[in-house]
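Here is a short briefing on charged pairs and a helix contact, meant to be read with the structure open beside you. Take the topics one at a time and find each residue as you go.

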Amino acid sequence: MNDTPAATAPALPPLRIDFVSDVACPWCAVGLKSLETALARLPDVAVDLHFQPFELNPQMAPEGEDIEEHLTRKYGSTSEQRQQIRAHLRQRGADVGFTFTEGARSRIWNTFDAHRLLHWAGLQSAQAQRDLKLALLTAYHTHGRNPGDRETLLAAVREIGLDAAEAARVVDSGEFAEDVRETESLWLGRGISSVPAVVINEKYLIQGGQPPEAFEQALRQIAAEAGQA
């Protein structure tokens with residue numbers, strides 16, 4: 001009888017997922033919830049999720065801008081077109097468990113401080129960063145709060161159980177500003193010009209707020225190629 005233990009295969013590294021997004025972006029909320037729905041259907045696929053900063057409006061003033069004026073100026077869309085898009089967004093959000101409240105998003109705000117705080121949360125843990133991301137998306141798109149406002153940011157931190165005093169220090173000090181700018185430049189340099197952009201293993205790009213089935217299919221294929229499935 002051979003008592004030598006059987007050799008075990010080395011553990012495969014998880015798929016790295018970089019979720020490039022902005023909390024001001026409604027499709028980023030759809031994309032995140034769709035991605036999470038897909039991952040729940042793939043319990044055997046290990047992932048390492050990182051949230052990366054992208055500012056849709058990096059020059060936005062602190063007082064923000066009326067959303068109707070902003071969208072008209074930026075995209076040339078009509079009121080009827082925007083109503084159709086909002087209705088579509090509400091349905092797509094409902095399909096994946098995210099609530100877009102009609103009229104809540106009345107202004108566009110500067111989100112740089114939100115990205116600084118998300119960077120800080122990521123230093124605490126991947127779960128903390130994910131939870132803060134979702135809390136800020138919800139604060140803005142569901143409750144209509146300014147995601148760049150100090151009190152909104154700290155309320156989101158308290159909601160997910162992080163250290164609000166330390167978060168206040170980060171917000172007030174301007175810490176991680178250079179880190180965020182460098183990371184934004186990195187992704188712009190890699191060709192990311194719209195969000196959400198989901199980059200898997202620094203090789204595969206899934207663009208936009210895709211439905212869960214699209215994420216699931218892509219992740220199954222990539223996982224199989226990586227030997228996870």
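## Salt bridges and a helix crossing

Glu68 is partly exposed, with 26% relative accessible area. Its place in a charged pair is a good way into this model, which is a predicted one. In total, the structure contains 15 salt bridges, and three of the pairs are described below, followed by the contact of α1 with α9.

**The pair Arg86 and Glu68**

- Glu68 has Arg86 as a partner: their side chains form a salt bridge with an N to O distance of 3.1 Å.
- Arg86 belongs to helix α3 (residues 79–95) and Glu68 to helix α2 (residues 67–75), so this pair links parts that lie 18 residues apart in sequence.
- Arg86 is partly exposed as well, because its relative accessibility is 25% and the partly exposed class runs between 20% and 50%.

**The pair Arg150 and Asp172**

- A salt bridge also joins the side chains of Arg150 and Asp172, at 2.8 Å from N to O.
- Helix α6 (residues 150–160) supplies Arg150 and helix α7 (residues 164–173) supplies Asp172, so the two ends tie together parts 22 residues apart in sequence.
- Arg150 has a relative accessible area of 32%, which makes it partly exposed.

**Arg41, Glu216 and their network**

- Salt bridges with shared partners connect Arg41, Glu213, Glu216 and Arg220 in one network.
- Within this group, the side chains of Arg41 and Glu216 meet at 3.1 Å, N to O.
- Arg41 sits in the loop between α1 (26–40) and β2 (47–53), while Glu216 sits in helix α9 (residues 212–226), so the bridge ties together parts that are 175 residues apart in sequence.
- Is Glu216 buried or exposed? Glu216 is buried, at 15% relative accessible area, because the cut-off for buried is under 20%.
- Arg41, on the other hand, is partly exposed, with 35% relative accessibility.

**Where α1 meets α9**

- How do you describe two packed helices? The angle between their axes and the distance between the axes do the job.
- For α1 and α9, the axes come within 8 Å and cross at roughly 50°.
- The two helices are therefore oblique to each other, and α1 passes α9 in a right-handed crossing.
- On the α1 side, the contact involves Gly31, Ser34, Leu35, Thr37, Ala38 and Leu39; on the α9 side, Pro212, Phe215, Glu216 and Leu219.
- By type, the residues of this contact are six nonpolar, three polar and one charged.
- Glu216 thus appears both in this helix contact and in the salt bridge with Arg41.

Key: Residues are numbered from 1 along each chain as its sequence is written. This is a predicted model: local features need pLDDT of at least 70, side-chain atom pairs count only at pLDDT 80 or more; totals for chains, interfaces and linings use all residues. Side-chain values use heavy atoms; hydrogens and water are left out. A salt bridge is a side-chain nitrogen of Lys or Arg within 4 Å of a carboxyl oxygen of Asp or Glu. Helices (H or I, at least four residues) and strands (E, at least two) are DSSP runs, numbered from the N terminus. Buried means under 20% relative accessible area, exposed over 50%, partly exposed in between (1.4 Å probe, protein chains only). Axes are lines fitted to C-alpha atoms, for helices over the stretch in contact, and angles run from 0 to 180 degrees between N-to-C directions. Angles under 35 degrees count as roughly parallel, over 145 as roughly antiparallel, 65 to 115 as roughly perpendicular and the rest as oblique. A crossing is left-handed if the near helix is turned anticlockwise from the far one by less than a right angle, and right-handed if clockwise. Contact means heavy atoms within 4.5 Å. Ala, Val, Leu, Ile, Met, Phe, Trp, Tyr, Cys and Pro count as nonpolar, Asp, Glu, Lys and Arg as charged, and the others, Gly among them, as polar.
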